[in-house]
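Let's take a walk through this structure together, one region at a time. Keep the viewer open as you read.

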Amino acid sequence: MPEGDTVFKLAAYLGPALHGRELLPDSTVAGARATLAGRRIGEVFAHGKHLFIELDDACLLRSHLGMWGSWHAYAPGEVWLKPARQASIVLDIGERVFVCFNALQVEVMRSAGVRRRLLGKLLGPDLLQPSPRFDDIVTRARGLLDGSTPIADVMLDQRVATGIGNVYKSEVLFVGACHPRAALGELSDDALLGLYREAARLLAGNVGRGPRITRRAMDEAGELWVYGRTAQPCLRCDQRIVSARLGRRQRSTFWCPGCQPATDSAQG
Ligand SMILES: [Zn+2]
């Protein structure tokens, strides 16, 4: 599943390939009436899990890959690996065609200032940007969510902060010694700040090439602390890692009962 660091890498890859290029008539956005043909591409950037492609008429093409979306690059005339009906975005720049398949959301955004509005309201601070506003993240979490919300859900809420996906959620909570069912209202501001600082640190360590790594010990035990390690021994305390589908959307969550003790609201 694409997390913040993946979308960041995607923007870094697509940006140089697309910047300044004119879109040919085959270029389309699913569900959008406006034609892309003849428009020139500006900046390509990521914010959290959203990818933005600027067009020269002050529009922004926003996409969110969700669980199943992916971008492909093809040579002209090359057979696509997925059916054309699954194409959410087609950007034809002549010598290559970039196709986004099965995106969760695609949208051409029109109004002036939309970028500022979107970044300010819809999405929380991007943990991949230098010096995210951590105090703002805490304010958003307290303001947007009920105190009973489990921290596992808080971490995934992109209105609070953008960039944390389901893998990092479990990893950050392990590193922060926080039980995934702990309620937001039980956590101090300092504890929350600590979790988001840790998330930013882990995400920043993964924006280069290579696999996603949250653990950097020089051994063969693996690159993740808990994610995907159900019933395996904890790499810190040797207790068995447990997992469950937790939270509003029942997302897989992994934790160590030894390193992440249950709080009052996190029994069981
Ligand atoms: Zn442990």
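We can begin at a serine. Setting aside neighbours within four places in sequence, S170 is in contact with V226, Y227, S252, T253 and F254. Keep in mind as you look that this is a predicted model. S170 sits in helix α5, which covers residues 166-175. Is S170 buried or exposed? Its relative accessibility is 0%, so S170 counts as buried, the cut-off being under 20%. Among its contacts, F254 deserves a second look: a polar atom of the S170 side chain lies 3.1 Å from the backbone nitrogen of F254.

Helix α5 also leads us to the largest nonpolar core. This core has 28 residues, and those touching the most other members are L127, I151, M155, L192 and Y196. Two or more residues come from each of α3 (134-144), α4, α5 and α6 (189-204). Which element gives the largest share of this core? That is α6, with seven residues. To see how one member is placed, select M155: leaving out neighbours within four places in sequence, M155 is in contact with I164, K169, V172, L173, L195 and Y196. Apart from this core lies another, made of 26 residues, including V7, A11, L91 and A103.

Next, move to a loop. P125 lies between α2 (114-122) and α3. With a relative accessibility of 13%, P125 counts as buried, because buried means under 20%. Not counting residues up to four places away in sequence, P125 touches R133, D136, I137, R140, V160, A161 and T162. If you would like a distance to check, try P125 and R159: they are 34 residues apart in sequence, while their C-alpha atoms are 8.3 Å apart in space.

Finally, let's turn from packed atoms to empty space. Rolling a probe the size of a water molecule over the atoms reveals where such space is left. In this model, the largest pocket holds about 700 Å³ of space. It is lined by 25 residues, of which K49, H64, L156, Q158 and R249 are the closest to its centre. The elements that give two or more residues to the lining are β4 (60-64) and α4 (151-156). The largest share, three residues, comes from α4, a helix we already met as a contributor to the largest nonpolar core. And what is the chemical make-up of the pocket lining? The lining residues divide into 11 nonpolar, six polar and eight charged.

Terms used. Residues are numbered from 1 along each chain as its sequence is written. This is a predicted model: local features need pLDDT of at least 70, side-chain atom pairs count only at pLDDT 80 or more; totals for chains, interfaces and linings use all residues. Side-chain values use heavy atoms; hydrogens and water are left out. On a 1 Å grid over the protein atoms alone, a cavity is a set of points where a 1.4 Å probe fits but cannot get out, and a pocket is an open set with protein on both sides within 12 Å along at least five of seven lines; lining residues have an atom within 4 Å of a point. Grid points are joined across faces, edges and corners, and a volume is the space filled by probe spheres set on the points. Helices (H or I, at least four residues) and strands (E, at least two) are DSSP runs, numbered from the N terminus. Ala, Val, Leu, Ile, Met, Phe, Trp, Tyr, Cys and Pro count as nonpolar, Asp, Glu, Lys and Arg as charged, and the others, Gly among them, as polar. Buried means under 20% relative accessible area, exposed over 50%, partly exposed in between (1.4 Å probe, protein chains only). A polar contact is a pair of N or O atoms within 3.5 Å; within protein, one must be able to donate a hydrogen and the other to accept it, and residues adjacent in sequence count only if both atoms are side-chain atoms. Contact means heavy atoms within 4.5 Å. A nonpolar core is a set of buried Ala, Val, Leu, Ile, Met, Phe, Trp, Tyr and Cys residues joined through side-chain atoms within 4.5 Å.
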